[in-house]
Amino acid sequence: MVVVGGNVVVGGRVVVGASVVVVDVEVLDVDAAGSASPMSLLQAARAPTSNVTATRRRANEVGRAGGVHVTPSSLTDRAVQLKSWCEAVTMLVPIRHARRADVAALVAIAEEGEAPGVDEGYLDFVAAQGRLLVACDPEQDNAVVGFAGSIPIGGAAMVTDLFVGSRRRGAGVGGALLAAVTDGFDRRMTCSSAHPAALPAYVRAGLEPQWPVLVLHGHGTGSAVPTIDGPWRHDRHELIGYYESLGAEVGADHVLQRSTDPRTPHRVVRMMSDQPAVDIDRILATVPADDTVELCVPAPSPLAALLQTRGFAVVDDDLFCATPGVHLVPQLVVLHRGLL
Ligand SMILES: CC(C)(COP(=O)(O)OP(=O)(O)OC[C@H]1O[C@@H](n2cnc3c(N)ncnc32)[C@H](O)[C@@H]1OP(=O)(O)O)[C@@H](O)C(=O)NCCC(=O)NCCS
């Protein structure tokens, strides 16, 4: 095993405490790491090339101090793509199923990732329907450093969540979590955020960008008394049950979460329709005229253009990504960015 400055090829093993981790190829930069913990070494691996000789000397100093044994092997000063990066990361940063005691850590990590709506009920739903996995740092008392969720929909894995704590990003943890949470599914899909590491991670996992998902804000028209025309007459009954447990109004073709807080919009969280122009007017009519309504709409849907002609504005957007062969039905005109 070799640890040198910049991105340098090495083959061999890293000794962390009592464990010996064998990697095909390793790329480390101890200058950038500042310590020799597995996580800092992983983060340093993505750092740009620096002075090889000086850093190599320092690497050995840090390695000895940190209990990481460094044995020179072969090296080059060119950056090299790791062949089995995810496997190496998974060995250094164990991934396991989430536990109830992890909830507070997961909510905090999601907040750092600017994701609203991740709470205990949401995490319970994902865990019950699919997989909720966490990555831990053995050097920090196995503290949770990231998490990922997925639920099966029509035989494909929908990646609901992928978050790494801000200090641990860029070290391969997100990629390793993504591989674990989609393992066993050839067909995968997700809504990617604009974070610079999100799309590369999904592309590496075989997902291709398809179309934007637009988050639109506008106003109700307040011209009708709310009536509920349920029950829901489509699929995804487990998802509808989750919305019902949150107190949402479930119609035959739409689900509306009414807000009692003027700072929070009413949210249409699901709508299936062959005639969205007619159906959306019916829903907006049941919302008071000055109240804000939020909807997530696939950009190719005619509903996206229609709402914008009615004064709705795009306040955020994600990118729907999927492996080849995954297609959503055109009737799905309003969806949830995490749960679809
Ligand atoms: C998106 C996120 C989960 C990725 O996790 P991560 O551990 O930082 O990512 P990784 O180190 O595994 O890198 C994943 C890919 O992104 C690339 N990458 C990492 N950081 C990057 C950056 N700052 N800019 C551009 N690319 C970057 C990596 O090179 C890698 O691509 P590759 O496999 O082709 O080499 C994490 O950055 C995060 O939590 N971001 C904020 C929350 C968020 O937006 N989550 C996504 C929700 S859809």
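Over which residues, with 125 contacts beyond four places in sequence, does pLDDT stay under 50? In this predicted model, in which local features need pLDDT of at least 70, side-chain atom pairs count only at pLDDT 80 or more, and totals for chains, interfaces and linings use all residues, the answer is residues 1–36. Here pLDDT is the predictor's confidence in each residue, from 0 to 100, and two residues are in contact if their C-beta atoms, placed from the backbone, lie within 7 Å. Residues are numbered from 1 along each chain as its sequence is written. Residues 47–83 also stay under a pLDDT of 50, with 85 such contacts in the model, whereas the protein chain averages 81 and 73% of the residues score at least 70. Where pLDDT is low, the predicted coordinates should not be read in detail.

Around the ligand stand 20 residues, of which Gly113, Arg169, Gly174, Gly175 and His195 come nearest; a residue is near if its C-beta atom, placed from the backbone, lies within 6 Å. Two or more residues of this shell come from each of strand 6 (156–164), helix 7 (173–181) and helix 8 (198–204), and the largest share, 4 residues, belongs to helix 8. Helices (H or I, at least four residues) and strands (E, at least two) are DSSP runs, numbered from the N terminus.

In helix 11 (residues 302–309), Leu303, Ala304 and Leu307 are buried, that is, 20 or more other C-beta atoms lie within 10 Å of their own, against 12 or fewer for an exposed residue, with C-beta atoms placed from the backbone. These buried residues line one face of helix 11, because they fall within an arc of 105° seen down its axis, the arc being that of the directions from the helix axis to the C-beta atoms. The face turned away from that side carries the exposed Ala305 and Thr309.
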